[in-house]
Amino acid sequence: MKYFSIYILFLLTAATSVAQQLSGKVLADDSEIPISEAVIQIKGTKKSAVSNEQGEFSLMLNADKSITLLVSHVAYVNKEVVLKPPFEQDILIRMEREQLVLNQVDVKGNTDDALPQGNLQPLTPLSVNEVATPFNEFSQLINTLPGVVSNNELSSSYAVRGGNFDENLIYVNGMEIYRPFLIRAGQQEGLSFINPDMVNNIKFSAGGWENKYGDKLSSNLIVDYKEPEETQGNINVGLLGASAYVGASLSDGSSLLLGARYKNARYLFNTFDTNGEYLPLFVDAQAFYSKSFNSKTSIDVLISLAQNDYQVVPSTQETDFGNFQQKFRFLVVYDGAESLKYRTAQGGIRLKHLFSERFRSSVIVSAFQTSEFEYNNTEGFYRLCDVDRDINSDTFDQCISQRGAGSNFLYARNILDAGVFQIINRNDWQLSKRHLLSFGIEYKYQTVDDLLDEYEFIDSADFVQINRVVNQENQLYVNFANAYVQHEWEINNRTFLNYGFRVNYGSNTEELLFSPRVSLQKKLHPDKSGQLTFAAGMYRQYPFYRELRDQDGQVNNEVKAQSSLHLVTNYTKNLELWYRPFQLTTAAYYKYYFSLIPYDVDNIRIRYRPELDAVGYATGADIRLSGEFIPDTQSWLSLSVLSAKEDVEGDGQGFIRRPSDQRVTATIFFQDYFINNPSLRVNLKLQVGSGLPFSAPNSLKGRNSFSGEWYRRMDVGFSKEFDLENMNSFKFIESFWLGVDVLNVLGVSNTISYSWIEDFNGQNFAIPNSLSARFLNVKGIVKF
C-alpha cells in the first residue's frame, strides 16, 4: 500500500507534455456582438473551453497535427472549424443564429465541464468496455458518483442518498425503464438494461429534479442513445462475457443501432466461498432506430429482449469468521439445486413534431413484459465449530470443539408474469425569449399474476424450526395517471427560475396527490464559471407490486404512496488547474420521508414490510472533483457523508438506521497513459464505504441493530490500443484494443449478506456471505 500511495500521488501531480495555448473569440455572424457561454471542444477529445462575456476563450493544445474545433451554443447553429499547425494565437469564429426558437430547449452538453441544468448533471459517457469492471456494466461508473452506493460488483443496482434500490428513475430516449420483479440484487442478477456501447448523452440527478420527470423518491438517470452519422461498431470478447455493436446511417437519412451482449459469470462465481457448479446464461439484444421525415417530424423506435438464466448446484462451503482471539468455522455440505429464469421484453416509440417555431410536442408509447420463474430445492448440512488459535498447538487452525450442527432446507416454486403499458405526452411552448412553458400527461397500466409456493425450515439438534411458509396466488391490475405543468423563466442572464407541479393518481391507493417543485439557479463569478442552485419539492412513489407484498406473500391494499420532501443546495465551479479543465461539485441535502414502507435485506433480496408504517429522513453532503488530472482523460474523486434513519410506528425504538445508511463513502476513478505512447493506458477504481446495518431475520425489535464491516475494493485495468486503420490488410478495422483487468486487487473478502445459525446453547451467529475474490480478466475489442 505504501508504494501504491506513492504511485497515486505521482500520477496526480505528474508533469504533462509541453502544451501550446490557443486563444480566440466567438462573434455573431452579422455583427460584432460577442457570444458568451459558447462551448468550444477539440473533436475526438474531452478538451474544451467556454467563452466568457467578451466571447473570448483559450485552449491548451498538445497536438502537432490538424485539429477540428466543435463550436456550439444554445441560440446558434453548431459549427466546425478546422485548424492546421502552426496555430494562430488569436482566431475568430463567427456563428449563425438559430432560426427555430424551440431548438433552444434540447441543447446537449458536449463535455463534462457543462454546468448542471435543473439539478441534472451532464456526465461524460466513458467507454465502460475499456474500464476495469467485471461485466462492462454501465452502472459501475454511476456507482462512483457521490451519494451513490452499491457494495456489490455483481449487481447493476444502486442506492442514492439513503434510498433503496427501487427508488431510481431511469429513462432511455424518453422511455421509462423497468427491472424484473423476482430478481435478487446479487449473483443471480442478469444484465442491466442500458447497453454502454449505444450511449451518447447522460444526465444524472441525485435529488431535486424538475417537474417534467417522474415519480420516484431518490434519483433520476436520463440516457440518450446515439444517432450515428457514419458506420461504426465493435466486437468485445473477454473471460467474463462478450458483446457486439454496430451503428449506421442509412441512405434515407435515418440511423440504426444494433447491440447484443453475453455475460458469463461462471469463472468469477468460482471464487465464492460456496463451491459448486455454476451455469449462468445472461444474454440480451437491443435495436434503436431514428428517422427524421422532415425538419419538423421525427420518430425513434427502441426494442430490447433479454433472457437471463441462473443455475447453481452447490456442493460445499467453508467460512471463517470472528477475530484472532476467537475464531469460528462454518462448514456446509449441500444437496439439491437452485434455478432462476426470467425473460423480459421492452419497447417503445417516440414521435416528435414541431408544430410551429414556438410549439412542439412528443408522444411516447412503451410496453414492458416479464415472465419469471424461481426454483429452489436445496438442503445444507452444516457444522459450526471453534478453531484453535494457539500457534504452538498441533491442532492450530483446526476445529477443536463443535458448537452447532443441523440442516437448513429451502424450497421454492415461484412463477410471476407482469406487464406495464405506458403512454406519455410532453409539450414545450416558448412563450417568449425568456419564458418556456412545459406541460404533459401520462397514463400507465400495470398487471401482475404471481404464484408463490415456498417454505424454509431448520433441522437442528432435537428440534425442527419452520422459518417461513408462503403459499399464495396474487393478481393485481392498477391504473396510474399523472400530469405536470412547469414554467422556466430566465430572469436575467445569470438567474433562472423553474417552478411547477405534478398531479398524480393511483387506483390501488385511490389517492390524488399534489407535488409542487421549484428550483432557483444563479450563475456566479464574473465569468459565470460558478453556479448555485436551490431546489425544493415533493416526490411521490406509488407502491408497485413488490412494495405491496409482505413477507408472507399477502398483498396489502391499504398501503399509501411513499412521499419525500427534498431540500437540496448545489454549488458547481468550473476550474482551470495545471492549464486543464476541472469541475468542483458540492451538495448539501435533507430529505424527509412519510408514508414510508420499511424493508429488510434478506440474503441480498429486498423484503418489504407493508404492514408497518414509518417516517424517516436522510441528510448529508457530497463533494466531487473531476477533470483532466492527466491531459485528455477524465478522472474524479468523490466523498459523501450520510445519515439515513426511520421511525417505525409502534416498535418503541424511535429512529433507527435504514438498511442503506452507509455513513461514509469515498471513490477514486483515475486514468493515465504513457506520455511517449498514449496507446498504453491504465485505469483505477477504488471504492471505500463504512459498514451497512443488518439484523437477524423476522426481528422487529432488533432491526438494523448491528453494523457490518467496511467495504473496500480496488480494480485496476491495463490496456494497449493498436491502430490498424492505415494498414492495407485491415482497412475495414479502425483499431484493436487489448486489456488486462485485475479485479479486487487487494483480495478483500467483502460481505454481501449474513446467514443466521443457532448453536447448541441457543446463541445466534451471523455467518458472512462473501463477494468475489481477486480475479484476472482478459478482454479484447475490435473497433471498426
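A cavity, as I use the word here, is a set of grid points where a 1.4 Å probe fits but cannot get out. With that in hand, I opened the notebook on this predicted model.

**Entry 1: empty space**

I searched the whole structure and found 11 cavities of 30 Å³ or more. Rolling a probe the size of a water molecule over the atoms is what shows where empty space is left. I picked the second largest cavity for a closer look, and its volume comes to about 290 Å³. Which residues come closest to its centre? Of the 19 that line it, they are Q121, R161, F204, A206 and T585. I also asked which strands supply at least two residues each to this lining. My list reads strand 8 (121-123), strand 13 (199-205), strand 28, strand 29 and strand 32 (614-627). Strands 28 and 29 return in a later entry.

**Entry 2: the chain as a whole**

I stepped back and looked up the overall make-up. The chain holds 4 helices and 43 strands. Of its 784 residues, 54% count as buried. I then checked the contacts with a separation of 6 or more, and 66% of them join residues 24 or more positions apart.

**Entry 3: how far to trust it**

The mean pLDDT of the chain is 83, and 90% of the residues reach 70 or more. Two stretches made me pause. Over residues 1-18 the pLDDT is below 50, and this stretch has 19 contacts in the model beyond near neighbours in sequence. Residues 99-113 also have pLDDT below 50, with 45 contacts counted in that way. Where pLDDT is low, the predicted coordinates should not be read in detail.

**Entry 4: an open sheet**

I traced a sheet of 4 strands next. It is open, its strand order is 3-2-5-6, and the pairing is antiparallel. Which strands stand at the edges? Strand 3 (48-50) and strand 6 (76-83) do; each has a single partner strand, so one side of each is left without a neighbour in the sheet. Neighbouring strands here are turned by 15° against each other on average, direction ignored. Within the sheet, I followed strand 2 (residues 39-42), which is joined to strand 5 (residues 67-73) by 4 bridges. There I40 stands opposite V71 of strand 5.

**Entry 5: strands 27, 28 and 29**

I moved on to three strands that pair in turn. Strand 27 (residues 530-541) runs antiparallel to strand 28 (residues 562-577), and 12 bridges join the two. One pair I noted is M538 with its bridge partner L565 in strand 28. Strand 28 is also joined to strand 29 (residues 580-596), antiparallel again, by 15 bridges. Their hairpin has 2 residues between the strands, and in it W578 takes a positive phi near 55°.

**Entry 6: Y571 and its neighbour H525**

Y571 sits in strand 28, and its bridge partner in strand 29 is T586. Is Y571 buried or partly exposed? Its relative accessible area is 24%, so I put Y571 down as partly exposed. Leaving out residues up to four places away in sequence, Y571 touches L524, H525, Q531, L532, L584, T585 and T586. L524 is 47 residues away along the chain, yet the C-alpha atoms of Y571 and L524 are separated by 9.7 Å.

H525 caught my eye in that list. H525 lies in the loop between strand 26 (511-524) and strand 27, and it is partly exposed at 34% relative accessible area. Its phi is near 70°, a positive value in a residue other than glycine. Most residues other than glycine have a negative phi.

**Entry 7: another loop and another hairpin**

I found a positive phi at D632 too, near 65°. D632 is in the loop between strand 32 and strand 33 (635-648), and at 27% relative accessibility D632 counts as partly exposed.

Then I visited strand 41 (residues 751-758) and strand 42 (residues 764-770), which pair in the antiparallel sense over 7 bridges. S755 stands opposite I767 of strand 42. This hairpin has 5 residues between the strands, and G762 among its residues takes a positive phi near 85°.

**Entry 8: a buried asparagine**

My last stop was N236, in strand 15 (residues 232-238). Why does N236 count as buried? Its relative accessibility is 2%, and buried means under 20%. Not counting residues up to four places away in sequence, N236 touches N129, N136, G241, A242, S243, K779, G780 and I781.

Technical notes:
Residues numbered from 1 in each chain as written. Predicted model: local features only at pLDDT ≥ 70, side-chain atom pairs only at ≥ 80, totals over all residues. Heavy atoms only, no water. pLDDT = per-residue confidence, 0-100. Contact = heavy atoms within 4.5 Å. Pairing = 2+ DSSP bridges. Axes fitted to C-alpha atoms, helices over the stretch in contact; angles between N-to-C directions. Buried < 20%, exposed > 50% of the residue type's maximum accessible area, 1.4 Å probe, protein only. 1 Å grid on protein atoms, 1.4 Å probe; cavity = no way out; pocket = protein on both sides within 12 Å on 5 of 7 lines; lining within 4 Å. Points joined across faces, edges and corners; volume = space filled by probe spheres on them.
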